[in-house]
Every structure is written in C-alpha cells, then in structure tokens.
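Student: I have a chain open on my screen and would like to talk it through with you. Could you take my questions as they come?

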Amino acid sequence: MIETTEIKPGYKKTKLGWIPEDWALIPLSDLSDKIGDGMHSTPKYVDNSNFHFINGNNLKSKKIEINKKTKCVSQLEYDKHKKLLNSMTILLSINGTIGSLAFYNEEKIILGKSAAYINLKNTVSKNYVAGQIESCHIQRVFQNSITGSTIKNLSLGSIRKTKIPVPPLPEQKKIADILS
C-alpha cells in the first residue's frame, strides 16, 4: 500500500491507504467459512496426555507453542470441546496480548477463550491473509477495536468486520512468497 495524499494512476484511496485498482477491501468474514473462539470455561485437566488446552499466549511466530507449562486434557474432554480446524485455519490471540498468530497444523488442541480461529476459504492464500493480519494497518484497526481497560479484548465481531486488501489469488501467492 502507498502512503500519500497524491493521486496515483492505477490506485484507489481506501481507509487503509492507497491500493491497486484491481484489489478489493474484503471483510475477513467473507474470506472465511467460520470465525470463532475457544471455550469460555475451564476444562478438566489431566497430568499428561497428547491433547492440549491452549490460549493466546501459546500462539507465537505462526506456530502453536506447546511446552511443559501447557495444560493437558483427556481425549474425552478433547472430543467434547474441539473445534473443526483445518489446514486453512489461522489462530489469533484476542485477549490480553492481541494479534499473535499461529497456523493450525493438526495439533490435538482445544482452544481457550483468548484464542480465536479463522477458517479461511480455499479461494485465498493463508500466508497472504496472515501477513495482512500482522501488518501495521490491520494491527492498528485491531487496536482501535479493543475493549477493556485492565485486560484488553478483541471481539469476534470486530475480527469479522475487519477489511483487508485482497489482490487476485496469483498475486496473493507471489506476495506471500516474498514476505516468507
């Protein structure tokens, strides 16, 4: 995006700045099949298992960080509270720390309320959308949408309404390759 007040041929002015004319500003809700968050209660923990309870603080550098402090749950608890996540899922911290991302990679996890999930449609590049969510423009939109004075919260409604600049898919993939 270009930051200028001068009119540039081939570009259009948006709330996020100047973008190419063939790009669209599309709400995340239109780019996804489902946007939701984790459970709003405390699961029953077990001492050790292959099933983990994660929150926003487990989302770091586009990975789910599972360590010795990560709580475990039984398979029964996992089956009861798991969300339908897939290879197009982006996880986003929405409580306390806002905006940390991770890609879901078949981990056996249940989500707490401070982790949202965005199940993207196959018509967009997951890496491109993640790059946009991490951009200073979208992070600023999130910061302007948070509620709470002691513990900051980003609502699912705000996430759904957040518009990102979207070029044609081949261009999304090229941009994502460059950013990675």
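Tutor: What follows is a conversation about a predicted model, going through its pockets, its strands and a few single residues.

Student: Let's start with pockets. How much space lies in the largest pocket?

Tutor: The largest pocket holds about 270 Å³ of space, and 12 residues line it. Of these, K15, L16, L25, V141 and K163 lie nearest its centre.

Student: Which helix gives the most to that lining?

Tutor: Helix 4 does, with 4 residues in the lining of the largest pocket, while helix 4 and helix 5 each supply at least two residues there.

Student: And by class, how do the residues of the lining divide?

Tutor: The lining of the largest pocket divides into 3 nonpolar, 4 polar and 5 charged residues.

Student: What about the second largest pocket, how much space is in that one?

Tutor: About 170 Å³ lies in the second largest pocket, whose lining consists of F53, I54, N55, N57, N58, K60, E65, N67, K69, T70 and K71. By class, that lining has 2 nonpolar, 5 polar and 4 charged residues.

Student: I54 is in that list, so where does I54 sit in the strand pairing, I mean, what is its bridge partner in strand 12?

Tutor: The bridge partner of I54 in strand 12 is L111. Strand 6, which covers residues 51–54, runs parallel to strand 12, and 3 bridges join the two.

Student: Which strands form the sheet, and in what order?

Tutor: It is an open sheet of 4 strands in the order 5-9-6-12, with mixed pairing. Its edge strands are strand 5 (45–46) and strand 12 (109–111), each of which pairs on one side only.

Student: Remind me, through what do the strands of a sheet pair?

Tutor: In general, strands of a sheet pair through backbone hydrogen bonds, and they may do so in a parallel or an antiparallel sense.

Student: Next, strand 10 and strand 11: parallel or antiparallel?

Tutor: Strand 10 (residues 89–95) and strand 11 pair in the antiparallel sense, over 5 bridges, and one of the bridge partnerships is that of N95 with T97 in strand 11. The hairpin of these two strands has 1 residue between them, and G96 takes a positive phi near 80° in that hairpin.

Student: Why is strand 11 described as largely enclosed?

Tutor: Strand 11 spans residues 97–103, and 5 of its 7 residues are buried, so strand 11 is largely enclosed by the rest of the structure.

Student: And helix 3, how many of its residues are buried?

Tutor: In helix 3 (residues 126–134), 7 of the 9 residues are buried, so helix 3 too is largely enclosed by the rest of the structure. Its buried residues are K126, Y128, V129, A130, G131, Q132 and I133.

Student: Switching to loops, where is L154, and is it buried or exposed?

Tutor: L154 lies in the loop between helix 4 (136–145) and helix 5 (156–161), and it counts as buried because its relative accessibility is 3%, with the cut-off for buried being under 20%. Leaving out residues up to four places away in sequence, L154 touches L92, I94, I98, F142, S145, I146 and I159.

Student: How far apart are the C-alpha atoms of L154 and A130?

Tutor: They are separated by 17 Å, and the two residues are 24 residues apart along the chain.

Student: What does S114 touch, neighbours within four places aside?

Tutor: S114 is in contact with N55, G56, L92, S93, I94 and N95. It sits in the loop between strand 12 and strand 13 (115–120) and is buried, with a relative accessible area of 8%. A polar atom of the S114 side chain lies 2.9 Å from the backbone nitrogen of G56.

Student: Last topic, phi: which sign do most residues other than glycine have?

Tutor: Most residues other than glycine have a negative phi. In this model, S61 has a positive phi of about 50° although it is not a glycine, and K62 has a positive phi of about 65°, again without being a glycine.

Student: Where are S61 and K62, and how exposed are they?

Tutor: S61 is in the loop between strand 7 (59–60) and strand 8 (63–64), and K62 is also found in the loop between strand 7 and strand 8. S61 counts as exposed because its relative accessibility is 69%, whereas K62, at 29%, counts as partly exposed.

Note on methods. Residues numbered from 1 in each chain as written. Predicted model: local features only at pLDDT ≥ 70, side-chain atom pairs only at ≥ 80, totals over all residues. Heavy atoms only, no water. Buried < 20%, exposed > 50% of the residue type's maximum accessible area, 1.4 Å probe, protein only. Contact = heavy atoms within 4.5 Å. Pairing = 2+ DSSP bridges. 1 Å grid on protein atoms, 1.4 Å probe; cavity = no way out; pocket = protein on both sides within 12 Å on 5 of 7 lines; lining within 4 Å. Points joined across faces, edges and corners; volume = space filled by probe spheres on them. Nonpolar A, V, L, I, M, F, W, Y, C, P; charged D, E, K, R; others polar. Polar contact = N/O pair within 3.5 Å; in protein donor to acceptor, adjacent residues only side chain to side chain.
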